[in-house]
Each structure stands twice: as structure tokens, then as C-alpha cells.
Amino acid sequence: MLVFYLYPTSRMKLYYGISVFSFILCVLVPGSFSFDNFHQPFPIVEPDSGHTKLRLAREGLEAIERITTPIASVAVIGPYRSGKSFLLNQLLSLSCNEGFGVGHMRDTKTKGIWVWGTPIELDINGVKTSVFYLDTEGFETVGKSNVYDDRIFSLATVLSSVLIYNLPEMIREADISRLSFAVELAEEFYGRVKGQDVAFEPAKLLWLIQRDFLQGKSVQEMVNEALRRVPNSDGDKNIDKVNQIRDSLAVMGDNSTAFSLPQPHLQRTKLCDMKDVELDPDYVKKREQLKEVVASIVRPKIVQGKFLNGKEFVSFLEQILDALNQGEIPSTGSLVEVFNKGILERCLKLYTEQMAKVVLPMQGESLQKAHEEQRDTTMEVFDEQHFGRRHARKSVDQLEEEIEKVYKNIKLANEYQSSMLCEALYTRCEDKMDELQALRLPSMAKFNTGFLQCNQSFERECVGPSKSNYEQRMIKMLGKSKSLFIKEYNQRLFNWLVVFSLVMVVLGRFVIKFFLVEIGAWILFIFLETYTRMFWSAESLYYNPVWHNFLATWETLVYNPILDLDRWAIPICVIAAIFVFYWRCYGRMQHGPRWSLPVYSNRKDQRRSE
């Protein structure tokens, strides 16, 4: 409502009135400010204080964020004071008082990039699309740097679906040079997706030449002539650079259109006060044709294979703006990195998730094979989705570097888990060998069985890069254990025989009272302690066939598939002791003299029997 009190002839005052009104609303109603009337232009990007870089104008982004349908944008670029704002008003069928501000002074009217708040709704190939129109700050304005112009041009090139290059009268060398960024962008993106599923399609370039007379040539012929290579016999680097742009633009022929538009009226300063009936009829006719051309070539903005709605478009704008502001000079490489950042993260996540399914530990060769398979798969996915060709090499290298970092961590985890597993198996085998060394009844068969089981379980269960190291330790440990067991085996059996002979002497004398048992035990004891010392050494006895027969009998009794005597020795001894005690104390009273051994029967027993 405040704007109706402003002086209507000054568009600048109208903008100031809107700004003041907005400021008052922000102060009075903090946190609840929003635009109710979107039928007006809004700034979305504005210059910083130094007029070298760009920043977002948040108030204008609300007009875009509210859109839920796919978005397309038509941007007009060109030199300042070339009629860009007037052209946009004509395309939108708006008067100068309603639409974008039109100035007639030498200073530029539009600062940064503005958007018309109410989009045009079109049905494009069955997709309901909201088409926004963008007005950009003109080139070559006094007091601005070329870098600032490049940023405006670059941002408009990336954001727009149709890029109208508005040129008065003719195409100059400088106008072609300014397309270097658009050409490079097209080479990076358009050339890659052409003929494939579109992941990103740069803007359609529309050459708009505002000229009354084309000297018998069509506008397309005029553009083709301007893009024809210029002879450069002197090897001028600047000419070579422009010629390269010309060659690239010629290749981009499918992505560009040429159109001519006559001057609407000779009195250009009064255009805003004129109606269509006062304008040149040829201009009005061509203007309507231009609207149809724009409508025919505009397409919804596609990024990473999907249409962008309002919020997604604003997010995309923020990413691009950050990339353009990073360097001193905007570059395609920085934009490619922004486009590929999300794809790179997704591909890296894909590799990480697939490698997480690998069960560790595993052999190094198998892990390397799994890594190579998943890396190749990931790189194929990235190659299908990534943006850019030449500048994408940096993103490819970065992805490979990140994959190698993840793989390095996986290798470390594999080595650690392999070491932990093999260490546990080694310790278990070591404990098993110590247990076999301490057998109460030594058995070579039992030792060999445990030795084999331990060795086989280690070979089967120990996997990974640590296996070779632990195999060497295992071989040494098992070798020492076996040598020690064999060394002590014969000596322990010899000592057991000595103890056994003494036990049998006691049993035969006092318990069993069978003189043959006692005599046999004494003979065995004397033989082991005397005869072997007189005629053989203890070691020589171990090579005697008689000793080998004894060992075979011992092994059969001590350890066989039916009985492990070392495990059951104590229970068997207890049962035998109980049996002997029972027989000794109660056997003769219940069963009579027939259960007594007569060898040691005394005289008292004989008198009782008489």
C-alpha cells in the first residue's frame, strides 16, 4: 500500500519505497516477515561492498522457494544499457511501471541478478513447469572489474535453461570472448550427456541481435559469419583463443539458436510510455515470435538427473555461488567439483558399504581382489553419473584417493583381526602342548593326536596377512614341544616302571599276599636299577626290541579309541582301592578260606582251622 504514495515517474523511488516498507515490516513483526505480493521483481543475487563478488539476497529467494513444481529459468545477459530489462518486460507482457526497472541514465539500473516473482506456468512435454525470468547486471559498467562481470555471466549460464545473449546491432570480438565460460561449461557437461540419459543440460544459447537491417543475410548467417575462424598468420595468442571459442561454438550448433529483433521505436527514451500500437509493427510481430521460440526451447532445470523445485533450485544456487566466489577468477573446474561432490560422496558410501560386507579376517589376495572389484564398480557408477570431462579428472583422482584411504583402513583392520585370531589359535595350541607335556601317564599316541589336531585347526582357522608370521612361530613352538616330549617320554616311563615295581612289592607283600607278585616286582625293580646300570645305559635300553614291545603294550593300554587312561587313572585307582579294601576286610569272612591266598597264612589261622 505504501508504494501508491510514491512519485510514479521514478522507478528507483518505487524500489526504495518497497525496501523501506520491507524494513519497517521486519522491525515491527520480527520473524514473521513474508511477501504477500509476488507480482514484482526481487533481487536474488547482489554485489558485495567491493563489487567483485556476489552474495545472496534472501528476500528474493522466497519467491522461488515457494514453488513446488519443476523450475525453468530464462536469463538475459548482455552489455549494460542494451535494453535487457525492457526486453524482459516485453517477454512478460509487462509495462515498465509493473516489471523490471528500466533506466535511461548512463549508470546501470539492475545490480546483480533479479527475478520476476510470478513465474509463467507452461506444460513442457507433459511436465507442469514454472518458468522464471532473470534480469542480470550488464557488462562493461563503469567502476566494475572484469572478474565481477565473469561471475555474473557464469552464474547466469549455470542457472538458466535458456540464456538470451542480447546484443545491439552486431557481434563483436569481445562478445565472443565472453562466451568462453559458456563454451567450456558446455564442453564439460553438454558434450558428455548428449545422446545419453540427461544428468545435467546447460542452457540453450539464444543469440538475439537487435538490428533493423541485416544486409540481405539471415541472423543465423550473420552469427555463422561472426563465428568463422579469423586468419592468424602472425600467431596472435588472443586471436587463437577467440578462434578456439569459435570452433567450440560451431560444435555447439545443436545447443544454440539465432534470432533478430528490430528496434521497437526510434525514440528509445520514451519506449516505456508507448503501447503496442505505437511500436513498430515488425517489432511487435517478431517479439511474439521470440516468445514462441523461447517457449519452444525452454526445458525444466535438470541437475543430477532430477528436476529441481523451488527449494532445490535455491540450494543449487547457493552451491554455485560459493564455488564462483572461492577463487579470484571463476572457473569451470570449481563448478565441476561442486556438481561432483554429492556424487563422489554417494559413490564412496557405496564402496564403503560393499566392503563392509566382506568378512574379516581374510587372505590378503582375496581382500585385494574384493577391493579391486568394488573399486571398479564404484568408478563405473561415478563415470556414469559424474559431470565434466577434462576438469572431472580432479574429482576422479579425489574419489580414487578417498577409496584408497578407506581400503587402507580396511587392510589395517584385516591385519589386526588376523593377528588377534592367529594369536588366539597360537595360544590355544601352546596351552595344549603344555597340557600334553604334563600328562600323568605319558602317551606318544595321545601327544601325536593332540599335535595333529592343533596343527590342522591352526591351518584351517588362521587366515589373513598375519598367518605367515604365526606359521613360523607355530612350527618352532610345535617342534620344541615335540622334541621335549620325546626326550622326557622314555625317562618318565622308566621312572614309572620303577615306581610300579615298588608298589607291586608292597601290594604283593601286605595287601594281596601273593608271593609270586612280590617276587616278580622285586625282579623288575632289581633289573631296572642294577642290571641296566651294569650292562647298558638307560638310553641304550630305549633302542632294545623288548623296550619297544613294552612301549606298544603301554600305548595300547594308556590311550586307545575306547579308553583314555590318563583321564580315568584316578577314578580307576579309587575303584580298585575300594575293591581291594572290601576284599581284604570282608571277603574272607563271607566266603571262607577259599578266598585266601595260602602263601602267607600264619599258625594262628591254622590252629583256628583245626
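The legends below describe close-up views of a predicted model.

**View 1. Helix 16 packs against helix 19 at an angle of about 85°.** In this predicted model, the view centres on the contact between helix 16, which covers residues 467-511, and helix 19, which covers residues 545-558, with the axes of the two helices 12 Å apart. The angle makes helix 16 roughly perpendicular to helix 19, because angles of 65 to 115 degrees are counted in that class. Helix 16 contributes Y489, N490, L493, F494 and L497 to the contact, and these residues meet W547, F550, L551, W554 and E555 of helix 19. By residue class, the contact of helix 16 with helix 19 comprises eight nonpolar residues, one polar residue and one charged residue.

**View 2. A disulfide joins C422 to C462.** This is one of two disulfides that the structure holds, and the sulfur atoms of C422 and C462 lie 1.9 Å apart. C422 belongs to helix 14, whereas C462 sits in the loop between helix 15 (444-461) and helix 16, so the pair ties together parts that are 40 residues apart in sequence. The torsion about the S-S bond of C422 and C462 is about 90°, and the disulfide is therefore right-handed. C422 is buried, with a relative accessible area of 0%, and C462 is likewise buried, its relative accessible area being 0%.

**View 3. A disulfide joins C429 to C454.** The S to S distance between C429 and C454 is 1.9 Å. Here the cysteines come from two helices, C429 from helix 14 and C454 from helix 15, so the pair ties together parts that are 25 residues apart in sequence. C429 has a relative accessible area of 2% and is buried, while C454, at 5% relative accessibility, also counts as buried.

**View 4. D276 and R287 form a salt bridge.** The closest N and O atoms of D276 and R287 are 2.9 Å apart, and this pair belongs to a set of 14 salt bridges found in a search of the whole structure. D276 lies in the loop between strand 9 (256-261) and helix 10 (281-297), and R287 lies in helix 10, so that the salt bridge links distant parts of the chain, its partners being eleven residues apart. The partners differ in exposure, because D276 is partly exposed, with a relative accessible area of 39%, whereas R287 counts as buried at 5% relative accessibility.

**View 5. E402 and K405 form a salt bridge within helix 14.** Both residues lie in helix 14 (residues 392-437), three residues apart, which corresponds to about one turn of the helix, and the closest N and O atoms of the pair are 3.8 Å apart. E402 is partly exposed, with a relative accessible area of 23%, and K405 is partly exposed as well, with a relative accessible area of 43%. Elsewhere, salt bridges that share partners join D276, R287, E288 and K291 into one network.

**View 6. D376 and R375 form a salt bridge.** The closest N and O atoms of D376 and R375 are 3.7 Å apart. D376 is partly exposed, with a relative accessible area of 38%, and R375, at 25% relative accessibility, also counts as partly exposed.

Terms used. Residues numbered from 1 in each chain as written. Predicted model: local features only at pLDDT ≥ 70, side-chain atom pairs only at ≥ 80, totals over all residues. Heavy atoms only, no water. Axes fitted to C-alpha atoms, helices over the stretch in contact; angles between N-to-C directions. Helix = DSSP H or I, 4+ residues; strand = E, 2+ residues; numbered from the N terminus. Parallel < 35°, antiparallel > 145°, perpendicular 65-115°, else oblique. Contact = heavy atoms within 4.5 Å. Nonpolar A, V, L, I, M, F, W, Y, C, P; charged D, E, K, R; others polar. Salt bridge = Lys/Arg side-chain N within 4 Å of Asp/Glu carboxyl O. Buried < 20%, exposed > 50% of the residue type's maximum accessible area, 1.4 Å probe, protein only. Disulfide = S-S within 2.5 Å.
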